[in-house]
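Thanks for coming, everyone. I'll take salt bridges to begin with, then the sheet, then the voids. Here is the model.

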Amino acid sequence: MGLSKGDHLFLVDGSGYIFRAYHVMPPLTRRSDGLPVGAVAGFCNMLHRFVQGLAKEPPTHMAVIFDYSSKSFRNDFYADYKAHRPEPPEDLKPQFPLIRDATRAFSLPCIEKEGFEADDIIATYAEAAREAGARVTIVSSDKDLAQLVGGGVVLFDPMKETTMDVEEVEAKYGVGPDKMTDIQALAGDSVDNVPGAPGIGLKTAATLINDFGDVETLLERAEEIKQPKRRQTLIDNADLVRISKRLVTLDRAVPDLESLDDFVLQPVDPTRLLAFLTEMEFRTLTARIAEAHGVETPPIGGPSGDETPSETTGTTDAPGALREMPPLDASAYETVQDMAALDALIAEAQESGLLCIDLETTSLDEMRADIVGFALSPRPGRTAYVPVNHVDGEADLLSGGARIAGQLELAPVLAALAPILSDPAVLKIGQNLKYDIKVLARHNTAVTPFDDT
């Protein structure tokens, strides 16, 4: 793998782009045959904007990395890994190969390998580039990749346009990149079904690791922990924590990958790219790229020669093109009663770029209402409720009765939600959201950007 000092490698987490594109874009279909192409359109728009942004300081090497499938070598030693993840939506499945084609149309290498996740491939290339003295920018918002930061490797979030180095990892997670797998092993991850230790979130995990040094030392000295419940949780779940450490640790030596020599950044071939975009019938993006390259916009037509609606308008003429809601699944509805589950829900919203929110309160007067709970949904078919101030009986609600046990406290819930509620990369959605915004404003919590149904 040939890279040298002074080179700069960009590794793009393509799988992360796919799901963000799918959830952000409307459910478009190709007019000529009804093929779903909404995620392809979103992916192409994102990739085009990103590549344009590299013009001032382009990398020397670049590749887009994908998950081969939902299964990896981790399932060999923990069968339930990612077992709770639903199957991809039916209208997304035919778009996976098209998104690979789109990557190649942008003259970028498209890399995946059976048995490994995209993160493992990224880790392997990042390690090789670091050893060669090159700089590496990993383009992703996935916290699992924070363990790779340092020694010339940084993590760039393309939606927030922020770069995370060692200091930023420490500031955000309370530990350095070299301890990220330790805190993830303790906290687990409900999205990927990494078990961890029940009731321990990332903040508590960071405190424990800073006190004991690493997971193995912590487990060996668990009897020294002063809090009885926390001590017993670690003793009872020691084997699961060790398995979790293996699950979250990235493989930095994936075999038989394409050479880094193949990743030398190539100029976009407008003929090849425009051919793909016209085949997808993306009128707006085709015209934009043709203009940027100073060539004539090729014609785009359906069966009768009419052009398809713009991929950015959210409209479609194809019958049955609207994406259906997933069928009701009771297991997708969750009552959140610990911070680890709330952190997992927030992580899902960061991945999807969407968060539907509705407050349960004690009054219709937003200036007097107290918050009782938060209804949250990070994606269609996935809903959770976070109770914070429920009391026994309706009469008690009016008179300030006894608070029901098993709820989170309001203050830490607000502290956890505040960053994502103001995150410009995550769209907040609600009904009559002005009311909720005013209630949250009284708690010094801002909501932006948002859409009100």
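Start with Asp189. Its relative accessibility is 12%, so Asp189 counts as buried. Keep in mind throughout that this is a predicted model.

What does the side chain of Asp189 meet? It meets the side chain of Lys143 in a salt bridge, at 3.5 Å from N to O. Now look at where the two partners sit. Asp189 is in the loop between helix H7 (180–187) and helix H8 (202–212). Lys143 is in the loop between strand S4 (135–139) and strand S5 (153–157). So the pair ties together parts that are 46 residues apart in sequence.

There is also a salt-bridge network. Arg74, Lys82, Glu117 and Asp120 are joined into one network by salt bridges that share partners.

Zoom in on one of its links. Asp120 forms a salt bridge with Arg74, and the closest N and O atoms are 2.7 Å apart. This pair links distant parts of the chain. Asp120 belongs to helix H5 (residues 118–131), Arg74 to helix H3 (residues 74–77), and 46 residues separate them.

Are these two partners buried or exposed? Asp120 is buried, with a relative accessible area of 0%. Arg74 is buried too, at 1%. The cut-off for buried is under 20% relative accessible area, so both values qualify.

For contrast, stay in H5 and look along the helix. Glu127 and Arg130 meet through their side chains in a salt bridge, 3.0 Å from N to O. They are 3 residues apart in helix H5, so about one helical turn separates them. How many salt bridges does the structure hold? The count is 21.

On to the sheet. It is open, it has 6 strands, and the pairing is mixed. Read the order as S3-S2-S1-S4-S5-S6. Which strands are at the edges? Strand S3 (110–111) and strand S6 (162–164), and each of them pairs on one side only.

Take the S6 end. S5 and S6 pair in the antiparallel sense, over 3 bridges. For a specific contact, find Leu155: its bridge partner in S6 is Met164.

Next, the cavities. A search of the whole structure finds 5 of them at 30 Å³ or more. I'll show you the second largest, with a volume of about 80 Å³. Some of its lining residues have come up already: Arg74 and Asp189 are among them. Glu117, from the network, also lines this cavity. Further lining residues include Tyr81, Asp119, Asp144 and Asp192. Val194, Leu247, Val248 and Leu250 are on the list as well.

What is the lining like by class? It has 5 nonpolar residues, 6 charged and no polar ones.

Last, the pockets. The second largest pocket has a volume of about 470 Å³. Its lining holds 20 residues. Which lie nearest the centre? Phe10, Phe50, Gly53, Leu54 and Phe156.

Now the elements that build it. Strand S1 (8–13), helix H2 (38–53), S4 and S5 each supply at least two lining residues. H2 gives the most, with 4 residues. By class, this pocket's lining has 10 nonpolar, 5 polar and 5 charged residues.

To close, go back to Arg74. This buried residue bridges to Asp120, belongs to the four-residue network, and lines the second largest cavity. Over to you for questions.

Conventions: Residues numbered from 1 in each chain as written. Predicted model: local features only at pLDDT ≥ 70, side-chain atom pairs only at ≥ 80, totals over all residues. Heavy atoms only, no water. 1 Å grid on protein atoms, 1.4 Å probe; cavity = no way out; pocket = protein on both sides within 12 Å on 5 of 7 lines; lining within 4 Å. Points joined across faces, edges and corners; volume = space filled by probe spheres on them. Nonpolar A, V, L, I, M, F, W, Y, C, P; charged D, E, K, R; others polar. Buried < 20%, exposed > 50% of the residue type's maximum accessible area, 1.4 Å probe, protein only. Pairing = 2+ DSSP bridges.
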